[in-house]
Amino acid sequence: MKRLDQLELQDIEALRLVLLGTSVIDWQRLAFTERQQVNQFLRLCQFDPDSPADKAWMLKIVDDAVKYLNDTFRYRIPNAVAQPAEVQDLFLLAAGSGGRLHQKMACIVLKICHVIHHIEGRDLLHRLPLAEEDFGTMAEQRVRTVFERLGQLGAPIREAYSSAKTRASVISKLLQKAETLAAEVYDRTRFRIVVEERANVLPVLQEFTQQLFPFHLVVPGQSHNSLIDFRAICESTPGWAPHLGKLQFGLDFAHTGERNTFSGSNYQMLKFVVDLPLRIPDALISPEIQAATHARIVHCLVEIQIVDAATAAQNERGENDHARYKRRQKLHILRRLSHGLANRKQNPNS
């Protein structure tokens, strides 16, 4: 496992995106320095950089992105960006290998590719004859494989386990939300990791961004970080100083995510949601589906929680106790069902 002072700019950017829950759509550049880094990233996305079929499919997504930009905005895109020999070239251009103009245009194309890839994955997911639980099982198998690998590396993980919301919990979750009832339940499948000490949180998270999920698939706006002071880490970690002036946003930019109003006032946790990519085996894709789409990757929402052992113990005491949390949640739901949120605001004593 890498020490924090060994991390490069791309690693630091990835960690920050997870902690803040921001979106790569707002990024202006990547920081890959070599082709092997791009290949590792593509493998995390569940692509095979050596597969002719995957190579052709990735370039088809690039073509679709360029066509969208041409048709919608009349963008004039340089040939090196619009027609890369391989998709890896586009990532390296976005990291600045071809100058600032090519970097900007490559980033724009990759942002559109990101969206198109999700659309294609969603289309494949709806065509497959699999239940939602099946995708949750696939996600759990993938996460557990990474947990086991980290254990073999000697990662300082004390506990690692998964849980799935019951039907009653899903109903309660939707009733407490102010949004429409059709809103997504992001933590239907949840993984909780307890590390030995707080100083272990970022190194373990760094390994997740290298072995489990690509950083750009962290769901924007769904991170909550009351555990890690990113600015303090930046200012105190040897080796980070040369990278800080190159971050996408200045150190003053900070966002900890919306706090769960039913948690205790001193409850601390790092949690975030990932659209985990899952490669569907060809054996599960019928000839009819294969004729309709070349996509082989779907995405499954999972929530990941990371906390150190001492904080985990503190989170179970006093007002943070889970039973008290559930009582506060149930009271809110009952009040909403009886009086509605609007009436509750107008008549706080009802």
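A helix here is a DSSP run of H or I with at least four residues, numbered from the N terminus. With that in hand, welcome to this predicted model; helix α10 makes a handy starting point.

Helix α10 covers residues 230-236, and both E235 and R231 sit in it, 4 residues apart, or about one turn of the helix. Their side chains meet in a salt bridge, with 3.0 Å from N to O. E235 has 53% relative accessibility and R231 has 35%. Since the cut-off for exposed is over 50%, E235 counts as exposed, while R231 counts as partly exposed.

The structure holds 15 salt bridges, so let us visit a few others in the same spirit. In helix α3, K60 and D64 are likewise 4 residues apart, about one turn of the helix, and their closest N and O atoms are 2.9 Å apart. K60 is partly exposed at 38% relative accessibility, and D64 is partly exposed too, at 25%.

K55 also belongs to helix α3, but its partner E86 lies in the loop between α4 and α5, so this pair links distant parts of the chain, 31 residues apart. The closest N and O atoms of K55 and E86 are 3.7 Å apart. Both residues are partly exposed, K55 with a relative accessible area of 33% and E86 with 26%. The pair does not stand alone: R35, K55, E86 and D89 are linked in a network of salt bridges.

Now turn to the interior. The largest nonpolar core has 88 residues, and those with the most contacts inside it are V109, L205, F208 and F213. Helix α6, residues 100-127, gives the largest share of this core, 11 residues. Setting aside neighbours within four places in sequence, V109 is in contact with V62, A65, V66, L69, I77, V81 and L90. Apart from this core lies another, of 5 residues, including V194, M269, V307 and A312.

Helix α6 also holds V115, which is partly exposed with a relative accessible area of 42%. Together with I25 and I119, V115 makes a nonpolar surface patch of about 250 Å².

Next come the strands, with β5 (residues 297-308) as our guide. In β5, 12 of its 12 residues are buried. I297, H299, L301, E303, Q305 and V307 point one way, while V298, C300, V302, I304, I306 and D308 point the other way, and all are buried. Strand β2 (residues 189-195) pairs with β5 in the parallel sense over 6 bridges. Strand β4 (residues 270-279) runs antiparallel to β5 and is joined to it by 10 bridges. I304 is a good residue to click on: F191 has it as bridge partner, and F272 stands opposite it.

F191 turns up again around Y161, a residue of strand β1 (residues 157-164). Beyond its neighbours within four places in sequence, Y161 is in contact with R144, F147, R190, F191 and R192. Y161 is partly exposed, with a relative accessible area of 33%. Its C-alpha atom is separated by 9.6 Å from that of E140, 21 residues apart along the chain.

Finally, two backbone details may interest you. Q46, in the loop between α2 and α3, has a positive phi of about 80 degrees although it is not a glycine. R74, in the loop between α3 and α4, also has a positive phi without being a glycine, about 60 degrees. R74 is exposed, with a relative accessible area of 65%.

Key
Residues are numbered from 1 along each chain as its sequence is written. This is a predicted model: local features need pLDDT of at least 70, side-chain atom pairs count only at pLDDT 80 or more; totals for chains, interfaces and linings use all residues. Side-chain values use heavy atoms; hydrogens and water are left out. A nonpolar core is a set of buried Ala, Val, Leu, Ile, Met, Phe, Trp, Tyr and Cys residues joined through side-chain atoms within 4.5 Å. Buried means under 20% relative accessible area, exposed over 50%, partly exposed in between (1.4 Å probe, protein chains only). Contact means heavy atoms within 4.5 Å. Two strands pair if DSSP finds at least two bridges between them. Patches are made of residues with over 30% relative accessible area and no salt bridge: like charges are joined within 9 Å, nonpolar side chains (Val, Leu, Ile, Met, Phe, Trp, Tyr) within 5 Å. Accessible areas come from the Shrake-Rupley method with a 1.4 Å probe; for residues, only the protein chains shown count as cover. A salt bridge is a side-chain nitrogen of Lys or Arg within 4 Å of a carboxyl oxygen of Asp or Glu.
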